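Reader: I would like a close look at one part of this protein chain, set against the whole. Please take the helices, and keep the sentences short.

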Amino acid sequence: MGDSKIQISLLLASYFIYLILGSLIFQALETDFERELKTSVYEMKAAFLRKLGDLTPEDVEQFVENLTHAVRRGIYPLGNATELDRNNWDFSNSFFFVGSIVSTIGYGTLSPKTAGGQIFCVIFALFGIPLNLIFLHRVGKTLSLLCEKLGKCLQSQGMKQKKIKFLTLLFFLMTGILIFLGLPPIVFHSTEGWTYNEGIYFAFITLSTVGLGDYVVGVQPGKQYCSYYRALVAIWILFGLAWIALLFNLLIRFLEDTEKKIAEDLHKMGKVGRENGRSLKRFQCASPSPNETLPLDTEEGSQKFVFETAEKDNEEKKETSFLCEAVL
């Protein structure tokens, strides 16, 4: 037990140190370039405003194209140049970004722009994704052990095994739904201004690693966020992935068991149908009409038929016996 706790502690420490180092490296590689990019975008906006009275359709089209390009890069040139102080690559945002990499969510709203950042992103993901899978497996195993302990506790109370399985599964589902799908939308509602339904939608799309990118935390322009808001959301995501992975495994087992049961029922129905068919054949073979002549040999097998007729002295009563023997 002691060795297991040491292994878990080492894994957790290694995992989060890896994420923290990745965040710091991305922050160092991308911050200066983003500041230069923001400066050029605000200069482009100022030049557009100075020419506001003499604009041509071509100038408007060029401005819209440049603005669209800037928004895709995560730069929203709202307000004045004081917005340059807001950095998309501070520690909280960088930690959120590395979390989206190792979890393979990939929202697409924040990405490295420099050559060094892009190369490092490939290397970081190459080792980070397997490390994340190991981490999720360990967290999932810990959750399973907690459910087993709960089951043993219920068993000590004299509860039946079927009821224990149902209650532990119900406890696992309800606790996970509350922590990872029920409570976070309340935080998103107060912080992002989303409705509760939108919060649930974002939580599930995120934890299932779909990551559509239509809803992302901490990216609304002009909104002030807590400095570690996105980092805390990233930690919620990492632990939520372990829970929803176990949930998907339970659903897979349920569907597989249902499929096996349906296949077994169909097999039994087919077997009963074949047995009924054979019984019907034997009955038809054992009850031919009087004076019926049957073939002795066929291509499918040989059949031997013996027909014995006995007539008694009493003409009013006749007894006929028929014996049919089939050799398949």
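Author: What follows starts with the whole chain, then moves to the core, the helices, the surface and the loops.

The model is predicted. The protein chain holds eight helices and two strands. Along the sequence the order is α-α-α-α-α-α-α-α-β-β. So the helices come before the strands, by DSSP runs numbered from the N terminus. The chain has 328 residues, and 29% of them count as buried. Its exposed area is about 22000 Å². Carbon and sulfur atoms supply 62% of that area. Now the contacts. Take those with a sequence separation of 6 or more: 69% of them join residues 24 or more positions apart.

Next, the core. The largest nonpolar core has 48 residues. L19, F26 and W236 have the most contacts inside it. Six helices are named as giving two or more residues to this core: helix 1, helix 3 (91–102), helix 4 (115–156), helix 5, helix 7 and helix 8 (229–286). Helix 8 gives the most, with 13 residues.

Helix 1 covers residues 2–50. One salt bridge sits within this helix. D32 pairs with R35, and the closest N and O atoms are 3.4 Å apart. Why can these two be partners along one helix? D32 and R35 are three residues apart in helix 1, so about one helical turn separates them. R35 is partly exposed, at 44% relative accessibility.

By the salt-bridge rule the count is two. The other pair is D59 and K51, with N to O at 3.5 Å. Both distances pass because the cut-off for a salt bridge is 4 Å. D59 has a relative accessible area of 24%, so D59 counts as partly exposed. K51 is also partly exposed, at 41%.

Helix 2 spans residues 57–72. It has 16 residues. From its first C-alpha to its last, helix 2 reaches 23 Å. The value expected at 1.5 Å a residue is 22 Å, which is close. G74 follows helix 2, and G74 has a positive phi near 85 degrees.

Now helix 3, and F91 in particular. F91 lies in helix 3. With a relative accessible area of 26%, F91 is partly exposed. Set aside its neighbours within four places in sequence. F91 then contacts I20, S23, L24, Q27 and Y228. S23 is worth a second look. F91 and S23 are 68 residues apart along the chain, yet their C-alpha atoms are separated by 6.3 Å.

Helix 5 can be checked for length too. It has 22 residues, 161–182. At 1.5 Å a residue, helix 5 should span 32 Å. Its end C-alpha atoms are 29 Å apart, which agrees. Which residues of helix 5 are buried? They are I164, T168, F172, G176, F180, L181 and G182.

Helix 5 also has a part at the surface. A nonpolar patch there is formed by L178, I179, L183, I186, Y196 and I200. Together these residues have about 520 Å² of accessible area. Helix 5 and helix 7 (196–207) each supply at least two residues of the patch. L178 has its place in helix 5. L178 is partly exposed, with a relative accessible area of 48%. That clears the patch cut-off, because patch residues need over 30% relative accessible area. Helix 5 and helix 7 are also among the helices that give two or more residues to the largest nonpolar core.

Last, the loops. Two threonines stand out by their backbone angles. Most residues other than glycine have a negative phi. T104 has a positive phi of about 60 degrees and is not a glycine. T104 is in the loop between helix 3 and helix 4. Its relative accessibility is 45%, so T104 counts as partly exposed. T209 also has a positive phi, near 60 degrees, and is likewise other than glycine. T209 lies in the loop between helix 7 and helix 8. T209 is partly exposed as well, at 29% relative accessibility.

Technical notes: Residues numbered from 1 in each chain as written. Predicted model: local features only at pLDDT ≥ 70, side-chain atom pairs only at ≥ 80, totals over all residues. Heavy atoms only, no water. Salt bridge = Lys/Arg side-chain N within 4 Å of Asp/Glu carboxyl O. Helix = DSSP H or I, 4+ residues; strand = E, 2+ residues; numbered from the N terminus. Buried < 20%, exposed > 50% of the residue type's maximum accessible area, 1.4 Å probe, protein only. Expected span 1.5 Å × (residues − 1). Patch = residues over 30% accessible without salt bridge, like charges linked within 9 Å, V, L, I, M, F, W, Y side chains within 5 Å. Areas by Shrake-Rupley, 256 points an atom, 1.4 Å probe, with all protein chains shown as cover. Contact = heavy atoms within 4.5 Å. Core = buried A, V, L, I, M, F, W, Y, C linked by side-chain atoms within 4.5 Å.
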